[in-house]
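Got your viewer open? Load the model and follow along, one selection at a time.

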Amino acid sequence: MESGAAVQVKQSLYMPYLMRVADRIDETPDIRTLRLEFQDPGVAEGFQFDAGQFGLYGVFGEGESTFCIASPPTRKGYIECSFKLAGKVTSALRRIEVGEIIGFRGPYGNSFPIEEMKDKNIVFVAGGIGLAPVRCVIWNVLDRRDEFNDVTIVYGARTVADLVYKRELKEWEERGDVTLIKAVDPGGETEEWDGKVGFVPTVLGETAPSSENAVAIMCGPPIMIKFTLPVLSELGFTPNRVYTTLENKMKCGLGKCGRCNIGSVYVCKDGPVFTCEEMNKLPDEY
Amino acid sequence: MEELRTLARELLSSDKVQVVIGYEDAPRGGGVRAAFITDPDDVERLVFDERCKNNLAVYLQKKRKQIRSMGRPAIVVKGCDARAVAGLIRDSQIGRENVELIGVHCAGVKTEDGSLDARCLVCDCTAPELYDHLLGPEAEVQGEGDPLGEKVAAMESLSADDRWDLWMKELSRCTRCNACREVCPICFCERCVQDKTVPQWIDSSAHTQGNLSWHVTRAMHLAGRCVGCGECERACHAGLPLAALMRKVRDIVEGSFGEKPSGDPEKVAPLGTFSQEDDDSLFK
Amino acid sequence: MSDALSPMEMNTVERVIPKDELKKLLQAEMEKGTRVVAPVQLDEGRFYSAVSQVDAIDWDQTGKPPVRSLKEFFFPKTEPLLSYRYHQDGLEVDPPQEPVNTLIVGARPCDVRALLLLDKVFGWDYDDDLYKKRREASTIVTFLCESDDEDCFCEMLGSSRDDTTGSDLFLIPTEKGYIAEAVTDKGTRLMETHGDRFQEQDVSRPQVERKQSPGVEDMDALVGWLGESFDNEAWAQLGIRCLGCGACAHVCPTCHCFDIVDEPDDTATGTRRRNWDSCQVPLFTLHASGHNPRDLQFERYRQRILHKFSYFPERFESVLCTGCGRCSRACPADQNLLGVLEDLWSLAQQSK
């Protein structure tokens, strides 16, 4: 799994790129997306990354936080991140307005094996904010649509209000070349809701996408992962064809601060993308 | 010692307690370390003598989750340790009925060079004040003097500028390892003030300014609750004069409120209450 | 001479620097603006410290090494990563300052070896320029160690009191002065710069006896066993009394975990810093959600041991430890690393 290259030789390893906030979108009451443009035109021109990589987004004076890069590598000049309000740094990020400057360090980590997914069927399974890293891969695939076979997306959230990227869900629904199954948990539906009602693992089981010549890419809360894995297994997806992205508490993002390891595996260096086969080998400390 | 082992065996066999927290020989170095005995057949490991410097009350804190999960504890306590347990009970960190106190008469603990620890020379609780069982012969500390008090007096005799310079020099060696906090039974907060980020009350960085904020705040938070066990200074790898700092705080509390560290959990902490009789000459 | 050394029978011709010449060398360096770092004896213990006077230096190499290691001169306990300034036209972000030329004298071999291990982490794929520049700006003069301390176990890890690995210049005491061995180009340059202070002399090199008890006879085998030991029940007892402070990590020459925090000086300016941290502290792995992957103390203690003696060797072919014994001396809960390794070794042998 290749990692993208940072273009600018920075003055110091921990110096971030300066990013201008170009847009901020409230996905849900507590989840926001920021679109960030590189202040330096040279960086904007040459910045590359691979789907699945992450970065550290920082408000100077408050701190940094780790999120995946939620926009696809096929779109140049900007990156996007989506985050849930959780603490000090995410609160500060929410106070940032369009036009203000924040810092970005990255891209770090490994990535999804896009090239190996060519000519295959891809099943995306996501829950809640877990759609953010998956969305990066979805658009990466859709921007190169004819290189891949069937695309199925199963996505759910607790309630209709908790669905992220609502405008894109609509886009995917309206495309003829994607099958989107959207769902909300029982009790989360509104009167106008036209999608499924049920937990993601259940809905996935009912959708029953074929595992023939297919890979699965999933991300969501731990409880969703726990119940989705057996469903995928039953559908015939072997652990080495199911990919997920893990998160762990991070600070440096580049293998030096010693914080994110699960056993001998560093989430920031050996991950954050793992196959289920690799995940099964991890000791129980995440 | 046999008394202790017999009692421990009885407490464990009868399931009155599920773990005995005491001291055992450390496998290397000739000293002692904390022991957690759960099997009545293991009580031979328990020892008590002048090497037993640790204040084991720290293991009763709520944040010691692994110890808490072991069940109802019995704990070996010297006089100072018993006062710390009283402090934990007073601050609702453990119920009196949830711990079995094995008090031991103590003639003082020795430091690495073989001399009596400074805190022991001024000890007024060789017999623990709070206990369920009281073991050992009555003890008397064979030593005199108050080197800790003298150290405080020497610091106080310095001019304000010199005293500031002295403390800046001492504080510059601190790395914020938090050994002082973790070894203190009364520092039981599960989210310490220096770990709070919104707002960041105390800089977590180990520059002298951050170190000053931390140590002063800690001293203030412990005022009226510190029992003078001296563990903070023993734990500090950088040799900060923490026992002297806390001695000064205890002296001020005694001066202002007439209160000394107490082994009575019913007694309200001096800064934990308000009385009409409190000196308010501070307000002019 | 201390008990650790005894004179050899034979004399050899060596480059030797008498102690007062070495002092003058240091004085000359200080006058050039070089920061000189050396052991200093305080009431509270022996510490490596920047000195402003040569007389402040403690030359004694017997007994345990200084309380803390050399790492704080390359990876300080707190250091700025950047500074920022908001102003009406925008935001300025500046890199940290350049390091000062440093001469470390009186280093112990265990502390110098440790730097080679830190080099691996700070150079792993990404070059940590803050660390690297300090390394480049420093010359290290190591003395033959004369420690007899019980908590030392460098020999068990393949080193010794006369191990020159990682030093630039190695000095060995004799009755005529210090035998000087240049180990690297930096060492050679230092000798050349102060050439007239070094004289050819006929001296007998002291013999260094291997004195430490082995403890663990086969570290490679232990490392292998540890690779499969994560679920072993013994961990719950080995770490039971650990209080989760972090003193062990702070005094350790190879521990490198750090936190990154932003520290405003006022509403417009401030620094982003990195500070020493430790995997022993509960907060280390605590997620914002409240979930803690290492919730119990023994899980954190296991992490420490496995990182040093399993995960690090798996990647970098060496244990992350030089046997200096500081963690055992500093631990307020009387955890002893050598004791723990010996317990693990017993378990490893029983399981065969």
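Which residues have the most contacts inside the largest nonpolar core? Select A:A216, A:I217, B:A8, B:I75, B:V76 and B:V85, and you have them on screen. The core they belong to has 256 residues. Keep in mind as you go that this is a predicted model. The predictor gives the complex an ipTM of 0.94 and a pTM of 0.95.

**Stop 1: B:V76**

Stay with one of those core residues, B:V76, and show what surrounds it. Setting aside neighbours within four places in sequence, B:V76 is in contact with B:L4, B:I21, B:G22, B:Y23, B:F48, B:L56, B:I102 and B:V104. Try colouring those partners to see where they come from along the chain.

**Stop 2: all of chain B**

Now zoom out and select chain B as a whole. You should find 10 helices and 6 strands. The C-alpha trace of chain B spans about 60 × 40 × 40 Å along its principal axes. Is that what a compact globule would give? Chain B has 284 residues, for which a compact globule would have a radius of gyration near 19 Å, and the chain's own value of 19 Å agrees with that. Buried residues account for 45% of chain B. Of the contacts in chain B between residues at least 6 apart in sequence, 69% join residues at least 24 apart.

**Stop 3: the two domains of chain B**

Colour residues 2-135 of chain B as domain 1 and residues 147-272 as domain 2. Taken over C-alpha atoms, the centres of these two domains of chain B are separated by 24 Å. Their contact uses 27 residues from domain 1 of chain B and 22 residues from domain 2 of chain B.

Which elements of chain B give two or more residues to the domain 1 side of this contact? Select helix 3 (79-90) and helix 4 (118-121) of chain B. Helix 3 gives the most to that side, with 10 residues. By type, the domain 1 side divides into 13 nonpolar, 4 polar and 10 charged residues.

**Stop 4: B:N211**

Next, pick B:N211, which you'll find in helix 8 (residues 208-222) of chain B. Is B:N211 buried or exposed? B:N211 has 26 C-beta neighbours inside 10 Å, so this residue counts as buried. Residues up to four places away in sequence aside, B:N211 touches B:L171, B:C174, B:R176 and B:A206. Add B:E170 to your selection too: from B:N211 to B:E170 is 41 residues in sequence, while their C-alpha atoms are 9.9 Å apart in space.

**Stop 5: where chain B meets chain C**

Bring chain C into view. Here 28 residues of chain B are in contact with 32 residues of chain C. On the chain B side, look for strand 2 (32-37), helix 2 (65-68), helix 7 (179-183) and helix 9 (231-235), the elements of chain B that give two or more residues to this contact. Colour the chain B side by residue type and you get 11 nonpolar, 10 polar and 7 charged residues.

While chain C is selected, colour it by confidence. Chain C averages a pLDDT of 94, and 97% of its residues score at least 70.

**Stop 6: all of chain A**

Hide the other chains and show chain A. How many helices and strands does chain A have? There are 7 helices and 15 strands. Along its principal axes, the C-alpha trace of chain A spans about 50 × 45 × 40 Å. For the 286 residues of chain A, a compact globule would have a radius of gyration near 19 Å, and the 18 Å found for chain A agrees.

Switch on colouring by burial, and 49% of the 286 residues in chain A come up as buried. As for contacts between residues at least 6 apart in sequence, 72% of those in chain A join residues at least 24 apart.

**Stop 7: the two domains of chain A**

For the last stop, colour chain A by domain: domain 1 takes in residues 17-108, and domain 2 takes in residues 115-245. The C-alpha centres of these two domains of chain A lie 24 Å apart. Where they touch, domain 1 of chain A supplies 15 residues and domain 2 of chain A supplies 15 residues.

Which strands of chain A each supply at least two residues to the domain 1 side? Highlight strand 1 (17-28) and strand 5 (78-84) of chain A. Coloured by type, the side of domain 1 of chain A that touches domain 2 shows 8 nonpolar, 5 polar and 2 charged residues.

Conventions: Residues numbered from 1 in each chain as written. Chains lettered and ligands numbered in written order. Predicted model: local features only at pLDDT ≥ 70, side-chain atom pairs only at ≥ 80, totals over all residues. Contact = placed C-beta atoms within 7 Å. Helix = DSSP H or I, 4+ residues; strand = E, 2+ residues; numbered from the N terminus. Nonpolar A, V, L, I, M, F, W, Y, C, P; charged D, E, K, R; others polar. Rg over C-alpha atoms; globule rule 2.2 N^0.38 Å. Buried ≥ 20, exposed ≤ 12 C-beta atoms within 10 Å, placed from the backbone. Domains from an automatic or database assignment. pLDDT = per-residue confidence, 0-100. Core = buried A, V, L, I, M, F, W, Y, C linked by C-beta atoms within 7 Å.
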